[in-house]
Amino acid sequence: MADGPLIPALARWAAAVRDQGLPGPVATDARRRVLDTTGIMLAALRLPTSAAALTWVAARGGATRATVPGLAHRTTVGDAAFATGVLAGSLEFDDTHLPSIVHPSASVVPASLAAAESGAADGATLLVGVAVGIEIAVRIGMAGYVPETRTNLWLERGQHATSICGMVGAAAAAALVMGLPAAAIAHAMGGAVSNASGILEANRTGGTMKRTHYGWAAMGGVIAAELAAAGFTGPPTALEGRYGMFTGLLGDSARTAPVVDGLGERWLVHDVVVKPYPTNAFAHGAIDAVLRLRDAGLRPADVATLTLRVSAPAVRTLGEPIELKRRPANAFEAQRSGPYLIAAALAGGSGLGVGLDDFTDDLLRDPIRLDLASRVCVEAAAEFDTEFPERFPAEVTVTTTGGRELTERVLDPRGGPEAPLSADEVTAKFADNVRSVLEPEQADLLRWAVGELGVATGPADVASALAASSLSSSPMHT
């Protein structure tokens with residue numbers, strides 16, 4: 001554990017990593033984060049909210065320094081980080097760390113890409129920004145996890161840990177990529193803490209403004225780094241101080257030790273897993289269970305009733321209010337609806353089992369899916385509370401129209417810490433995400449540019465490949 005305030009300790013470590021270079025496995029992991037996130041960005045161009053965000057950014061003007069997929073011209077660094085952060089976080093497809101429940105790449109990768117392209121950083125430095133920014137975001141997120149009670153304080157208090165911790169990680173990443181010294185990296189992080197925020201009620205009752213959280217985090221991180229470079233300073237105890245983030249947002253139960261314990265010895269970035277399905281992660285166990293039942297022969301017409309059992313915290317997102325969850329009005333609501341996601345998995349499913357094509361207007365109104373969703377109940381299972389939030393187990397019990405009872409339980413969902421996606425599956429996800437936005441040769445070029453970062457390519461190569469995207473993909477309802 002480091003001596004002294006937390007933020008300066010994190011900043012000194014970050015600068016040392018930049019000087020020494022990333023360990024080989026961490027660099028490989030960072031490339032995978034960039035590949036996954038850029039694929040999600042491109043897939044998100046189909047959303048009306050993405051078009052709205054890009055229109056807003058395009059109208060703002062300013063120095064043309066960084067690329068935004070879907071725009072014909074470059075924008076300011078902050079605006080590029082905002083727009084690409086919105087894209088990266090809008091599909092519920094961004095990677096996840098447990099038990100902090102932070103989705104770090106959706107803010108850190110956009111901030112890193114924008115800052116690196118603007119400052120002409122090399123590929124190795126970009127990867128350092130990505131890896132270190134994710135690591136810092138996750139470690140700050142872990143301050144809100146109480147292992148004795150298996151409580152995630154961020155979630156229980158309605159705080160969006162992803163946007164809050166993501167802004168601090170994005171600030172560290174941008175400052176690193178900009179070449180700032182350790183003291184200025186600390187000031188950037190302290191400044192980001194002052195503005196980090198995010199409220200999670202949208203997970204329960206809807207509202208697409210949550211999609212901007214990732215963009216504000218990326219943009220706020222970049223701006224905090226730019227202000228630090230200009231001379232602004234931040235409090236060294238911005239995290240743990242009497243009026244710091246942890247006291248203000250987490251209360252007396254916040255834990256400071258995980259922020260720096262093992263720093264420089266163990267990378268938590270390896271524990272951040274890639275999602276197989278574009279849904280709230282709480283639903284992944286349920287989707288797995290239904291896919292197993294489908295593979296065994298179950299069909300929608302066979303279901304008389306279906307009960308989904310998950311942890312109590314997951315019920316609040318997937319099953320409350322049940323009337324709304326059974327008839328989601330748009331894709332945003334459907335991606336957080338236990339009943340709809342079960343219906344999507346059983347009635348067909350695209351991608352790796354449930355994919356982006358399951359959230360079109362026609363399928364959201366499909367009478368077969370809506371009828372099946374109307375027969376789904378979501379209940380709390382006390383035995384799963386002891387697993388949450390280190391993993392998101394689920395149990396599905398079906399009573400068939402023929403009177404049989406079928407049960408499928410999943411303790412370690414696909415894409416979770418115990419069942420991560422393979423490199424081939426991550427590549428398949430990327431290919432599926434970009435197929436309606438890039439021509440095959442353009443997709444190959446982007447995959448190559450990311451795969452060779454720090455070896456044969458740099459940020460400019462990734463930006464050039466991203467600039468080939470268009471807004472021609474089929475829309476999702478929002």
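**Figure 1. Lining of the second largest cavity in the predicted model.** The view is centred on a cavity with a volume of about 120 Å³, the second largest of the structure. Its lining is made up of 15 residues. Nearest the centre of this cavity lie L98, H284, F392, G415 and G416. Sorted by class, the lining of the second largest cavity holds eight nonpolar, four polar and three charged residues.

**Figure 2. The largest cavity and the residues around it.** The count of cavities of 30 Å³ or more comes to four. The largest cavity has a volume of about 190 Å³. It is lined by 19 residues, and those closest to its centre are I101, H103, L155, L200 and N203. Two elements, α7 (153-156) and α8 (161-177), give two or more residues to the lining of the largest cavity. In the lining of this cavity, eight residues are nonpolar, nine are polar and two are charged.

**Figure 3. The loop between β1 and α5.** This loop runs between β1 (96-97) and α5 (105-119), and P99 is found in it. The peptide bond that joins L98 and P99 is cis, with omega of about 10 degrees. I101 lies in the loop between β1 and α5 as well. Phi of I101 is near 55 degrees, which is a positive value in a residue other than glycine. Residues of this view also appear in other views: L98 is among the residues nearest the centre of the second largest cavity, and I101 is among those closest to the centre of the largest cavity.

**Figure 4. The largest pocket, with P99 among the residues closest to its centre.** About 260 Å³ of space lies in this pocket. The pocket is lined by 14 residues, and H97, P99, M142, R266 and L268 are the closest to its centre. By class, the lining of the largest pocket divides into six nonpolar, two polar and six charged residues. P99, shown here again, follows L98 through a cis peptide bond.

**Figure 5. A cis peptide bond between F388 and P389.** Omega of the bond that joins F388 and P389 is about 0 degrees. P389 has its place in the loop between α21 (382-385) and β7 (394-400).

**Figure 6. Packing of helix α2 against helix α22.** Helix α2 covers residues 24-43 and helix α22 covers residues 423-434. The two helices pack at an angle of about 25 degrees, and their axes are 8 Å apart. Angles under 35 degrees count as roughly parallel, so α2 is roughly parallel to α22. The crossing in which α2 passes α22 is left-handed. On the side of α2, the contact consists of R32, L35, D36, T38, G39, I40, L42 and A43. On the side of α22, the contact consists of A423, V426, K429, F430, N433 and V434. The residues of the contact of α2 with α22 are eight nonpolar, three polar and three charged.

**Figure 7. Packing of helix α3 against helix α4.** Helix α3 spans residues 48-60, and helix α4 spans residues 77-89. The angle between them is about 175 degrees, with axes 9 Å apart. Angles over 145 degrees count as roughly antiparallel, and α3 and α4 are therefore roughly antiparallel to each other. From α3, the residues S50, A53, L54, W56, V57 and R60 take part in the contact. They meet D79, F82, A83, V86 and L87 in α4. By class, the contact of α3 with α4 has eight nonpolar residues, one polar residue and two charged residues.

**Figure 8. Crossing of α5 and helix α11.** Helix α11 covers residues 211-230, while α5 covers residues 105-119. The axes of α5 and α11 come within 8 Å and cross at roughly 40 degrees. That angle makes α5 oblique to α11. The crossing of these two helices is right-handed. α5 contributes A106, S107, P110 and A111 to the contact, and α11 contributes Y214, A217, A218 and V222. Seven of the residues in the contact of α5 with α11 are nonpolar, one is polar and none is charged.

Terms used:
Residues numbered from 1 in each chain as written. Predicted model: local features only at pLDDT ≥ 70, side-chain atom pairs only at ≥ 80, totals over all residues. Heavy atoms only, no water. 1 Å grid on protein atoms, 1.4 Å probe; cavity = no way out; pocket = protein on both sides within 12 Å on 5 of 7 lines; lining within 4 Å. Points joined across faces, edges and corners; volume = space filled by probe spheres on them. Helix = DSSP H or I, 4+ residues; strand = E, 2+ residues; numbered from the N terminus. Nonpolar A, V, L, I, M, F, W, Y, C, P; charged D, E, K, R; others polar. Axes fitted to C-alpha atoms, helices over the stretch in contact; angles between N-to-C directions. Parallel < 35°, antiparallel > 145°, perpendicular 65-115°, else oblique. Left-handed = near helix turned anticlockwise from the far one by under 90°. Contact = heavy atoms within 4.5 Å.
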